[in-house]
Number of protein chains: 2
Amino acid sequence: MVLPLLEPADGQGVVPCCPPLTERPMTAAEAETAARMFKALGDPVRLRLFSAVASHEGGEACVCDISDVGVSQPTVSHHLKKLKEAGLLTSERRGTWVYYRVEPSVLAAMGKLLAMPAAA
Amino acid sequence: MVLPLLEPADGQGVVPCCPPLTERPMTAAEAETAARMFKALGDPVRLRLFSAVASHEGGEACVCDISDVGVSQPTVSHHLKKLKEAGLLTSERRGTWVYYRVEPSVLAAMGKLLAMPAAA
DNA sequence: CGTCTATGTTGACATACGTCGAACCAGTGC
DNA sequence: GCACTGGTTCGACGTATGTCAACATAGACG
């Protein structure tokens, strides 16, 4: 269920799931994997939540810090869960609060997917 | 209806709609705009079509060259339309065939959205 | 004009999605 | 143990989405 946008990824030695979009036509399997990530970011609320976590100090944030996006709290939780299932975020409970974190390696893999060919 | 992922964009002087995801929390408006793009790429079939066009010689391809993605022809047409509405592709009829093209500036804008901070 | 090929549009349908309120767990502190 | 606060899960509901078959449109070519 946990989408590996990238393989185990020890440290930063990221092994992206797929080549850059512009390198060659994606296979069905690659598209399936990558689309899950894009789909996860394809909702305004989720995008804001993700951006809030990603831009937060240390790449992690407490739910309480980012839940002000105009929807009910259960909805926030629902979206965070989706982002987690998409492999974009991880969560950890620390005492009263739950912290969500974005893995730098995931960000790197996403960036590579959209990398421009030198020319362009 | 035509989503400007970026402003007029004369040539390569792209003016992205939004800052990198990691720079600061996106505003509701920014998220709305950027999410439309991610959403468009959030379907495996569309992602394959987009990749097929983007990786094709000259950044453009005839529908007949890319419509082998496992769904019916109307469905292909439907998805191409969606990609067009999302501002990711443009189309042009040349004689019998219709060609779809990806704007390099759009690719660049997407890349910047996911750009990594120097560190990480 | 008529027909054939290449695409786009329409209508219908099953499924997925986003949202909320209510109920439910997890820690904290009294 | 009990109440309180922070979060998640559940059930329901309306809407959006992906898909196809059938039909419509655009050029090309006789």
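What follows is a short dialogue on reading the contacts in this predicted model.

Me: Let's start with DNA strand C. Which residues are the closest to it?
Reply: Begin with the neighbours. DNA strand C is surrounded by 25 residues, and the closest are Ser72(A), Thr75(A), His79(A), Trp97(B) and Tyr100(B). By class, the surface near this strand splits into 10 nonpolar, nine polar and six charged residues.

Me: What share of the strand C atoms within 4 Å of the protein belongs to sugar or phosphate?
Reply: Here you look from the DNA side. For DNA strand C, 75% of the atoms within 4 Å of the protein belong to sugar or phosphate, and bases supply the rest.

Me: Which atoms of Lys39(A), Ser72(A) and Gln73(B) should I look at near strand C?
Reply: Go pair by pair. In Lys39(A), an N or O atom of the side chain is 2.9 Å from a phosphate oxygen of DNA strand C. Ser72(A) uses a backbone N or O atom, 2.8 Å from a phosphate oxygen of that strand. With Gln73(B) you're looking at a base instead: a polar side-chain atom lies 3.3 Å from a base nitrogen of DNA strand C.

Me: And which elements give two or more residues to that surface?
Reply: Chain A offers α2 (44–55) and α4 (73–85), while chain B offers α3 (63–66), α4 (73–85) and β3 (97–102). The top contributor to the surface near DNA strand C is α4(A), with five residues.

Me: Now DNA strand D. How many residues surround it, and which are the closest?
Reply: Same reading, next strand. There are 26 residues around DNA strand D, with Gln73(A), Tyr100(A), Ser72(B), Thr75(B) and His79(B) the closest. Of the strand D atoms within 4 Å of the protein, 74% are sugar or phosphate atoms and the rest belong to bases. The classes on this surface are 10 nonpolar, nine polar and seven charged residues.

Me: What are the distances from Tyr100(A), Ser72(B) and Thr75(B) to phosphate oxygens of strand D?
Reply: Check whether each atom is side chain or backbone. The side chain of Tyr100(A) has an N or O atom 2.8 Å from a phosphate oxygen of DNA strand D. For Ser72(B), a polar backbone atom is 2.8 Å from a phosphate oxygen. Thr75(B) brings a polar side-chain atom to 2.7 Å from a phosphate oxygen of the strand. The elements with two or more residues on this surface are α3 (63–66), α4 and β3 (97–101) of chain A, plus α2 and α4 of chain B. Here α4(B) gives the most, with five residues.

Me: On to the protein–protein interface. How much area is buried between chain B and chain A?
Reply: Read the area together with its atom types. About 2,700 Å² is buried between the two chains, and carbon and sulfur atoms give 75% of that. The contact takes 34 residues from chain B and 33 from chain A.

Me: How many salt bridges and polar contacts cross between the chains?
Reply: Keep those two counts apart. The rule finds zero salt bridges across the interface of chain B and chain A, but eight residue pairs are in polar contact. On the chain B side, α1 (28–40), α2 (44–55) and α5 (104–113) each give two or more residues. There α2(B) gives the most, with eight residues. That side has 21 nonpolar, seven polar and six charged residues.

Me: Last one: how do I read an aromatic pair?
Reply: You describe the pair by the distance of the ring centres and the angle of the planes. Over all chains, the count is one aromatic pair. The rings of Phe38(A) and Phe38(B) have centres 6.0 Å apart and planes at 25°, so this pair is stacked. Phe38(A) sits in helix α1 of chain A and Phe38(B) in helix α1 of chain B, so the pair joins two chains.

Methods
Residues numbered from 1 in each chain as written. Chains lettered and ligands numbered in written order. Predicted model: local features only at pLDDT ≥ 70, side-chain atom pairs only at ≥ 80, totals over all residues. Heavy atoms only, no water. Near = heavy atom within 4 Å. Polar contact = N/O pair within 3.5 Å; in protein donor to acceptor, adjacent residues only side chain to side chain. Helix = DSSP H or I, 4+ residues; strand = E, 2+ residues; numbered from the N terminus. Nonpolar A, V, L, I, M, F, W, Y, C, P; charged D, E, K, R; others polar. Contact = heavy atoms within 4.5 Å. Buried area = accessible area lost by both parts, 1.4 Å probe. Salt bridge = Lys/Arg side-chain N within 4 Å of Asp/Glu carboxyl O. Phe/Tyr/Trp six-rings, centres within 6.5 Å; stacked < 30°, edge-to-face > 60°.
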